[in-house]
2 protein chains.
Amino acid sequence: MADLLVVGSVALDSVRTPFGKAEEVLGGSATYFSYAASFFTTIRLVAVVGADFPRTHLDLLERRGVDLGGLQVASGPTFRWAGEYGYDLSEAKTLDTRLGVFADFRPTLPAHFRATPFVFLANIDPELQLDVLQRVERPRLVALDTMNFWIQGKRDALLRVVREVDVLVINDAEARMLTEEANLVRAARRIVSLGPRTVVVKRGEYGALMARQDRFFFVPAYPIESVFDPTGAGDTFAGGFMGALARAGTVDDATLRRAIVYGSVMASFTVEDFSLNRLVRVETAEIEARYLTFREMMHVGD
Amino acid sequence: MADLLVVGSVALDSVRTPFGKAEEVLGGSATYFSYAASFFTTIRLVAVVGADFPRTHLDLLERRGVDLGGLQVASGPTFRWAGEYGYDLSEAKTLDTRLGVFADFRPTLPAHFRATPFVFLANIDPELQLDVLQRVERPRLVALDTMNFWIQGKRDALLRVVREVDVLVINDAEARMLTEEANLVRAARRIVSLGPRTVVVKRGEYGALMARQDRFFFVPAYPIESVFDPTGAGDTFAGGFMGALARAGTVDDATLRRAIVYGSVMASFTVEDFSLNRLVRVETAEIEARYLTFREMMHVGD
């Protein structure tokens, strides 16, 4: 079992869906990632919150053994995001983004964070991702997520950091945007040519795929009758994925495949309730049961 | 190996895609179905064409051993369909439909067709599907396809025939329309409650899923870099699926799963060229190679 470092956002979200609403609840890429990954290994979190951030949220992460040594508490308001989903839950409409202390975020790595073997650079400014990457000591595996905002606004910096990572975790629309390829198979191959040996494409209700050279691996999404709130599903997926890799301590093809299934398992819980509510209730036995269900759903036999 | 009967359309298609166009080429649900299924078992085809239908197209099917004893040649023009696809190849825009002799189609079953163990009712008027179903003698398995036109226009007749079949093969949008359920998992469960023990949902570039009571099986689409023309993909899928079932002669869960993979394999060839052009060039070794690739793409390991 190897340690896992994540750099990303910790936020307060306000979300409306056709099924209800939640105000000022715990959110952020590093939050979902850490919580999901904490079922597999020990997590080191690098992020920033404002002085207004509720202590109870930090307790929640600490109870999962998340090392908050890299969490800055800055003066000013915490990053806030407000969004809305229609009946088609595939895409959020952002209603409001208030960066607050996140606007001036400069990640700080405590000395004992620098030699973390598994590193996840969640969706933040690619210049900060690059900065963190230069300060960690020869990690065994680095994965990176990004979003349309950076693909359009900081393409050069993004391509520089993409070149340096082992795995790019990205959603399908972003993969197409980054590569300017409408066909997802070509887009995935193109990303592999940009540097990462492995690309993992998140496809929402259609699951995920992994491409490595000429080999593809596909996993469906868990069949859920009532998707409640998809916020954080992608970050949770990444947390389960990286957590499972760090737990295994290896990164061969078979381990990557199992890790993608674990990512899908964890994401399937997140979408069943607002915020981290469902993740907080989940038990290890449920995780393993869904893992087995996934294998069964994909099993062809001889 | 058991015989397989199909009732559906044989047509002349005119198709435009961003990559080219084809005029008056061989098409129709029963055509794609028969050709694909002919790699697995012997096919009996029930359909109608006009006197203008090119003999060479019939030769093509006969060379695959398709029994054309149920193909009527009526006076009048053959059914013609014209459609167009944009860069998003997921949906065809119909430009023109000329039913011709298909408007008065009354399926006729030669005596030796009546005791066929595997039956596929392709997308035609549900009243005709019901009529055929009443004239076949205790088939081992009956599957049915339909489309939005009948779901909206002949809902009651459609529900009557759906109640009588073992397998409903349908695309995702139609599954949602038929059940008035936006969530595909619920839609699939709802269909099972309408009569068919098994529902197979075709999801285009996202593959297919099978639902039986509480068990799901998912298969991705084959990763194709250049989808050329998706016309006939769904009918080809059904042909591979039903052909593989008929070849096995059994309909247990494991056989159904393998059959869905074979359906996906066959559909992956059809989309690589206009009309049946790619299917006509395909060799058995290629089919088996893609089947193995599918298994590999879905394999999680222990």
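Start by selecting A:Met266, which counts as buried because it has 31 C-beta neighbours inside 10 Å (buried takes 20 or more other C-beta atoms within 10 Å of the residue's own, exposed 12 or fewer, partly exposed anything in between, with C-beta atoms placed from the backbone). What you have open is a predicted model, where local features need pLDDT of at least 70 and side-chain atom pairs count only at pLDDT 80 or more, while totals for chains, interfaces and linings use all residues. Residues are numbered from 1 along each chain as its sequence is written, and chains are lettered from A and ligands numbered from 1 in the order in which they are written.

Stay with A:Met266 and show its helix, α9 (residues 253-270) of chain A; helices (H or I, at least four residues) and strands (E, at least two) are DSSP runs numbered from the N terminus. Which residues does A:Met266 touch, leaving out those up to four places away in sequence? Light up A:Ala36, A:Thr236, A:Phe237, A:Gly239 and A:Gly240, where contact means C-beta atoms, placed from the backbone, within 7 Å. Draw a distance to A:Gly239: it is 27 residues away along the chain, and the C-alpha atoms are 8.0 Å apart.

Now follow chain A past α9 into the loop before α10 (277-281), and pick A:Ser275. Its phi is positive, about 50 degrees, although the residue is not a glycine. A:Ser275 is buried too, with 22 other C-beta atoms within 10 Å. Hop over to chain B and B:Ser275 sits in the loop between α9 and α10 (277-281) there, again with a positive phi near 50 degrees.

Next stop: helix α6 (residues 172-179) of chain A, where A:Glu174, A:Ala175, A:Leu178 and A:Thr179 are buried. Look down the axis: these residues cover an arc of only 120 degrees, so they lie on the same side of α6(A) (the arc is that of the directions from the helix axis to the C-beta atoms). Turn on the elements they pack against, namely α4 (148-153), β10 (167-171), α7 (184-194) and β11 (198-202) of chain A. Just after α6(A), click A:Glu180 to find a positive phi of about 55 degrees.

For the core, select A:Val6. Along with A:Phe120, B:Val6 and B:Phe120, A:Val6 has the most contacts inside the largest nonpolar core, a set of 198 residues. Such a core is a set of buried Ala, Val, Leu, Ile, Met, Phe, Trp, Tyr and Cys residues joined through C-beta atoms within 7 Å. Not counting residues up to four places away, the partners of A:Val6 include A:Phe33, A:Ile43, A:Leu45 and A:Phe120.

Zoom out to all of chain A and you'll see 11 helices and 13 strands. Of its 302 residues, 50% count as buried.

Finally, show both chains. How many residues does each chain put into the contact? It's 22 from chain B and 22 from chain A. On the chain B side, α7 (184-193), β13 (215-219), α9 (253-270) and α11 (284-297) each supply at least two residues. The largest share, four residues, comes from α9(B).

To finish, superpose chain B on chain A: a rotation of 180 degrees with 0.0 Å of shift along its axis does it, at RMSD 0.0 Å (a least-squares fit on the C-alpha atoms of residues with pLDDT of at least 70 in both). The two copies are thus related as by a two-fold rotation axis.

Notes. Two residues are in contact if their C-beta atoms, placed from the backbone, lie within 7 Å.
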